[in-house]
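Grab your viewer and work through a few short exercises. Each one sets a task and then walks through a solution.

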Amino acid sequence: MSKWPLDAYLRVERLPTLWCPGCGIGIVVKALIMAIDSAKLDPDKIVLVSGIGCTGRAPGYLKFDSFHATHGRAIPLATGVKLTNPELKVVVISGDGDLFSIGGNHIIHAARRNIDMLVLCVNNFVYGLTGGQVAPTTPTGAKTKTTPLGNLEQPFNLVSIVATAGATFVARWTVIHVPQLKKSIEKALKRRGFSFIEIVAPCPTHFCRANNISPIEALERLQKVSEIKNGLDPREATLDFGSKIVCGEFVDEEREEYTTLIYSLIKERSGKDVRNVVSA
Ligand code: SF4
C-alpha cells in the first residue's frame, strides 16, 4: 500500500481520528506538518501542547513530544516547557473555547511577554467536544445548544485581542486557505516571539447543523465572504461569517523575547552561560 509522504509525522497506528466527517481540524493538522517539513525543523526539538476540546486531540495523532493539558491550561504548560529548555520550538494547538474562555487569562499574558511559541487556534464558533454550546466566538444571533433562540452576545475578535496584548506575529486564515496557512505557520516556526494564527473552521456537526448550513455551504460561504488584507490593523479585521471574514498576516514585528531576557539575566547574575535549566 502506498504511503503518504508525510506519514513519518503521524502516529498512524492511532488513525482514524475521532473528528467528524467534514471537520476542518484535519486540514489544520495537515498544514502544520507540511510547514514543519518545509521548514526542515528537527522533529526532536518540537513540542506540541494542547488543551481540552476537539482540536486538543491533535497532538495525539502526531509523532512529536507532546502534552495534553487540562482545560484552558495549554499556554502555562507551553510556557513551562519553553522556559525550561529555550532550544525547543513549542507549538500550542487548541480551540477558541480552550484558549480564549477557560484559558483567556493565560493567552493575553503570553502575548504580553512575547514568549517564543506558536499558537494555532482553531475557531469552530462553539464548544464542539461537549456538544455545541455557545462560546465566546459564537456569532451574534447564531443558534447553539445553549442559545436555541440565537446568541445575544458579541463574539471576541481573537486577532485583535492578541495583537493588543502584544503578540508580535498575528494572522488569520480559514480552512479554505491551506497554502497561505502553511506559509504563515512556516514563517512563524522560523521566527522568535509570540506568534498567533487563528484558523476559522466552523463546526459542521454542531454549529452548522444548528444554523441549517450544510458542510458544503459552509465552505462555499467561507470562499464567498473571505477577503485577504495583509498588514491591516487587527482591530479592523472583521470576522462575520454571514458577510465578511478578513484574512491575512496582520502583525509581523520584532520585540525582545521573554526567554532570551530571562537567560540573559541568569548569565548576568551567575556569570554562567546557562543554555537551559535541564543541563544547568
Ligand atoms: Fe469537528 Fe465539530 Fe466534530 Fe468537533 S464536533 S470534531 S469541531 S465537526
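**Exercise 1: disulfides.** Find out how many disulfides the structure holds, then look at what surrounds cysteine 121.

*Solution.* Start with the full search: this is a predicted model, and scanning the whole structure turns up zero disulfides. Next, take cysteine 121, which is in no disulfide. The nearest cysteine sulfur belongs to cysteine 54 and sits 13 Å away. A disulfide needs sulfur atoms within 2.5 Å, so a pair 13 Å apart does not qualify.

Now check burial, where the cut-off is under 20% relative accessible area. Cysteine 121 has a relative accessible area of 0%, so cysteine 121 is buried. Cysteine 203, at 9% relative accessibility, counts as buried too.

**Exercise 2: the cavity.** Work out how many cavities of 30 Å³ or more there are, and which residues and elements line the largest cavity.

*Solution.* Step one is the count: the structure has one cavity of 30 Å³ or more. Step two is volume, and the largest cavity comes to about 150 Å³. Step three is the lining, which takes in 16 residues; closest to the centre are Ile52, Gly53, Cys54, Tyr127 and Gly128.

Then go by element. Helix H3 (96–102) and strand S5 (126–127) are the elements that give two or more residues to the lining. H3 gives the most, with three residues. Finally, sort the lining of the largest cavity by type: six nonpolar, eight polar and two charged.

**Exercise 3: the ligand shell.** List the residues around the ligand and sort them by type.

*Solution.* Begin with the cysteines: Cys20, Cys23, Cys54 and Cys203 are among the residues that surround the ligand. The shell also includes Trp19, Asn124, Gly128, Pro204, Thr205 and His206. By type, the shell around the ligand splits into six nonpolar, four polar and no charged residues.

Cross-check with earlier results: Cys203 from this shell is the cysteine that counts as buried at 9%. Cys54 and Gly128 are in the shell, and Cys54 and Gly128 are also listed among the lining residues closest to the centre of the largest cavity.

**Exercise 4: valine 246.** Is valine 246 buried or exposed, and which residues does valine 246 touch?

*Solution.* First place the residue: valine 246 belongs to strand S11 (residues 244–252). With 1% relative accessibility, valine 246 counts as buried. Leaving out residues up to four places away in sequence, the contacts of valine 246 are Arg172, Glu227, Lys229, Leu232, Ala237 and Thr238. For a longer span, take glycine 141: 105 residues separate it from valine 246 along the chain, and their C-alpha atoms are 20 Å apart.

**Exercise 5: backbone oddities.** Track down a cis peptide bond and two residues other than glycine with a positive phi.

*Solution.* Recall the background: most residues other than glycine have a negative phi, and most peptide bonds are trans.

- The bond from leucine 15 to proline 16 is cis, with omega near 5°. Proline 16 is in the segment before helix H1 (25–39).
- Lysine 40 is not a glycine, yet its phi is positive at about 55°. Look for lysine 40 in the loop between H1 and strand S1 (46–50); at 71% relative accessibility, it counts as exposed.
- Asparagine 212 has a positive phi near 55°. The loop between helix H7 (204–210) and helix H8 (215–225) holds asparagine 212, which counts as exposed at 70% relative accessibility.

Conventions: Residues numbered from 1 in each chain as written. Predicted model: local features only at pLDDT ≥ 70, side-chain atom pairs only at ≥ 80, totals over all residues. Heavy atoms only, no water. Buried < 20%, exposed > 50% of the residue type's maximum accessible area, 1.4 Å probe, protein only. 1 Å grid on protein atoms, 1.4 Å probe; cavity = no way out; pocket = protein on both sides within 12 Å on 5 of 7 lines; lining within 4 Å. Points joined across faces, edges and corners; volume = space filled by probe spheres on them. Helix = DSSP H or I, 4+ residues; strand = E, 2+ residues; numbered from the N terminus. Nonpolar A, V, L, I, M, F, W, Y, C, P; charged D, E, K, R; others polar. Near = heavy atom within 4 Å. Contact = heavy atoms within 4.5 Å.
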